[in-house]
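Me: Please explain the terms applied to this structure, setting each value against its definition.

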Amino acid sequence: MSRLEALSGFIRPKITMWRVIVALIFAAGCYGAYARFALGLHQSTNLTDGQPWGLWVGLGTLCGVGISAGGFAIAAAVYLLGFERYRPVVRSAVLLSFLGYLTVCVGMMYELGLPWRIWHPIVMWNRHSVLFEVSWCVMLYTTVLTLEFSPALVERIPWKGLRNTYLKWHHELLIGLVMVGAVLSSLHQSFLGGLYLVAKGKVDPLWYSQYLPTLFYLSAVPAGLAATIMAVYLCNRSLNAGIDPRILTEMSQVIAPLLYVYALFRGIDLVTHGGLASLWYWREESLLFLLEIGLLVVAPIILLSQKKIRSNPQHLYLTCSLVVMGFIANRLNVSVTAFERTSGYHYVPKWTEFALTLATVTAAAVAFHYAVRYLDILPKKQPKKWIVENAATA
Amino acid sequence: MTKTKAILIDITKCIGCRSCEQACKQIHGFPMQTEAKLSATALTVVEDHGDRFLRKMCMNCQDPACASACLVGALRKTELGPVTYESSKCIGCRYCIVACPFNVPRYEWTKLVPFVKKCDMCYARQVKGEQPACVEACPVQASIVGWRDEILEEAQRRIVLDSKYVKHIYGSEEAGGTSVFFISDVPFEKLGLTEMSNQPMPVLTANALGDVPTVVLVGGSLLASLYWITNRRKHVAMSEAQEAASGTTGKSERS
């Protein structure tokens, strides 16, 4: 009992601390939402005509979608390629993507100047616009993800007949959904890079390339897998999930070659486009470029080549966080840094921009936490859960 | 596209009186104070470049990047030439501002119901056969309006006849050609009119969008065939296991 008391004493303040942090973030987010909707974009952001897309697009949309790439990759690996050993993490990967897309949809509501017209692209078409294709990808893929994830919720429906009918029907459709999802998600990742094609001449040559769609796709898959590894690791550590760490090690062995492919493609592209030449002038852009490449490519490739790091879950987690940080650096560089020289405006987001994005991401993290706790997302370590539950009530 | 309208701005003639600015503000109902840069309440401004004045406005491109970018088609190249903005369609994504190679569209950042603001060459007036307000207001004909091919001819005539002119019509080819032209006796870069590719910007995305059907077809059939192989393998493995199982049971029965 003393052990349990010690455990509860240890856990209680920890939970309280996290809850306080989450509450503070939500409070800041509420103020951010008030500033955005009651005072306007001018009061809530540092956006200007020189930098019309800032943190909400660069971090909220580009990274939110990118990090959600794990869902389609794992689902395709298990259902289409038959890598059964990844099956235990499918649901967590799909959940991560589903919540990622929800944050993107919510983000749109404060990013758009006239959010109540968000439905316009359904009836007003311009097929020459990359953003039009992006909007349809968001709508369709969010629907697909909702359907892919739905069994975890439907399983909780108390009416057996309805539950079984739905699950049977879902089983029939699943392979089709996974295929459609893989194609839609691939298109979506690429289109986000494609958004910047039209802005040639405004985007710094270190980042502009006619192959931006391909580069966005090639970087999103390893970043999405890295984010999935991070999420599963955290579930193992704090939510009593019982995923064999060797699965994470195996997943990380896929990330390294994907990063190689990306590095090779990016390198060739930079050399052939002459973007590399501008690296020799010492500018802020060069520094941010090196930071991005270091975090996204160099450090993870070196670290993942070490068996010691791959097989240690904690080290693996930290390495994956480097990949995700490098990925975020890349997207912010493309969407913000690359425009600064041509626009002549040094954009630093207002704190309310950070607050709203952080609150949205935190909401997704909280949702993930409760989904893993109360739904059948990951296999659980039963005995440990019993201790924790008892400790919580003690 | 048949005949389209165009404006020629002759830098050598502009006296910097700002009548065009005032006329523009008046017909749009904007506050009358002078502004240094294009804004949501200044769709044309006369920039002071020392001894020359540059009147900036939307170039109303022949193949506009903004119109190709706009996901709901709020921005449109009209038959008459001007690029118009239908505010009732706009969702406020601001992609047009990202896309514009001339950095023209402005957003009403301070408003709670914000729209995009840019010059549309007074489309409504031109449809009625009237001149754009700025052109009409110009006391020295530094700006003139007319059919695009005739205006280009006039610009060509001026730069050929007078040796003081730079031998280029800015806007004739830039970004695939525009509906607003500048001719000048000082280099265009000095006025902030930067050199630009002659390729229309929408071409840059057309290739990527053209690949979509291929990606869907190839990707879809690749995934389908991979699934077929996986499924086939499973079946083979299963029937082999069954055979092996029946084999062993057979053996046990015999013994």
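The exchange below takes the terms one at a time.

Me: On what footing do the statements rest?
Reply: This is a predicted model, in which local features need pLDDT of at least 70 and side-chain atom pairs count only at pLDDT 80 or more, while totals for chains, interfaces and linings use all residues. Residues are numbered from 1 along each chain as its sequence is written, and chains are lettered from A and ligands numbered from 1 in the order in which they are written.

Me: Why is chain A called as compact as a globular protein of its length?
Reply: The globule rule is 2.2 Å times the number of residues to the power 0.38, and the radius of gyration is taken over C-alpha atoms. For 394 residues the rule gives 21 Å; chain A has 22 Å, which is close to that value, so the description applies. Its C-alpha trace spans about 65 × 50 × 45 Å along the principal axes. Chain A contains 15 helices and zero strands, where helices (H or I) are DSSP runs of at least four residues and strands (E) of at least two, numbered from the N terminus.

Me: Why is N240(A) called buried, and R18(B) partly exposed?
Reply: A residue is buried if 20 or more other C-beta atoms lie within 10 Å of its own, exposed if 12 or fewer, and partly exposed in between, with C-beta atoms placed from the backbone. N240(A) has 21 such neighbours and therefore counts as buried. R18(B) has 18, so it counts as partly exposed. In chain A, buried residues make up 47% of the 394 residues.

Me: What makes the phi values of N240(A) and R18(B) notable?
Reply: Most residues other than glycine have a negative phi. Phi of N240(A), however, is positive, near 60°; this residue lies in the loop between α9 (212–238) and α10 (245–273) of chain A. R18(B) also has a positive phi, near 65°, and is found in the loop between β1 and α1 (19–28) of chain B.

Me: Why are β8 and β9 of chain B called edge strands?
Reply: Two strands pair if DSSP finds at least two bridges between them. The open, mixed sheet of chain B has the order β8-β1-β9. β8 (143–147) and β9 (180–183) each have a single partner strand, so one side of each is left without a neighbour in the sheet.

Me: How do you know that β1(B) and β9(B) pair?
Reply: Strand β1 (residues 5–10) is joined to β9(B) by four bridges, in the parallel sense. One bridge partner of β1(B) is identified by D10(B), which faces I183(B) in β9(B).

Me: What makes β2(B) and β3(B) a pair?
Reply: Five bridges join β2 (residues 45–49) and β3 (residues 52–56) of chain B, which run antiparallel. E47(B) stands opposite L54(B), and D48(B) has F53(B) as its bridge partner. The hairpin has two residues between the strands, and G50(B) takes a positive phi near 75°.

Me: How do you know that chains A and B are in contact?
Reply: Two residues are in contact if their C-beta atoms, placed from the backbone, lie within 7 Å. By that criterion, 46 residues of chain B are in contact with 41 residues of chain A. On the side of chain B, α8(B) gives the largest share, 12 residues.
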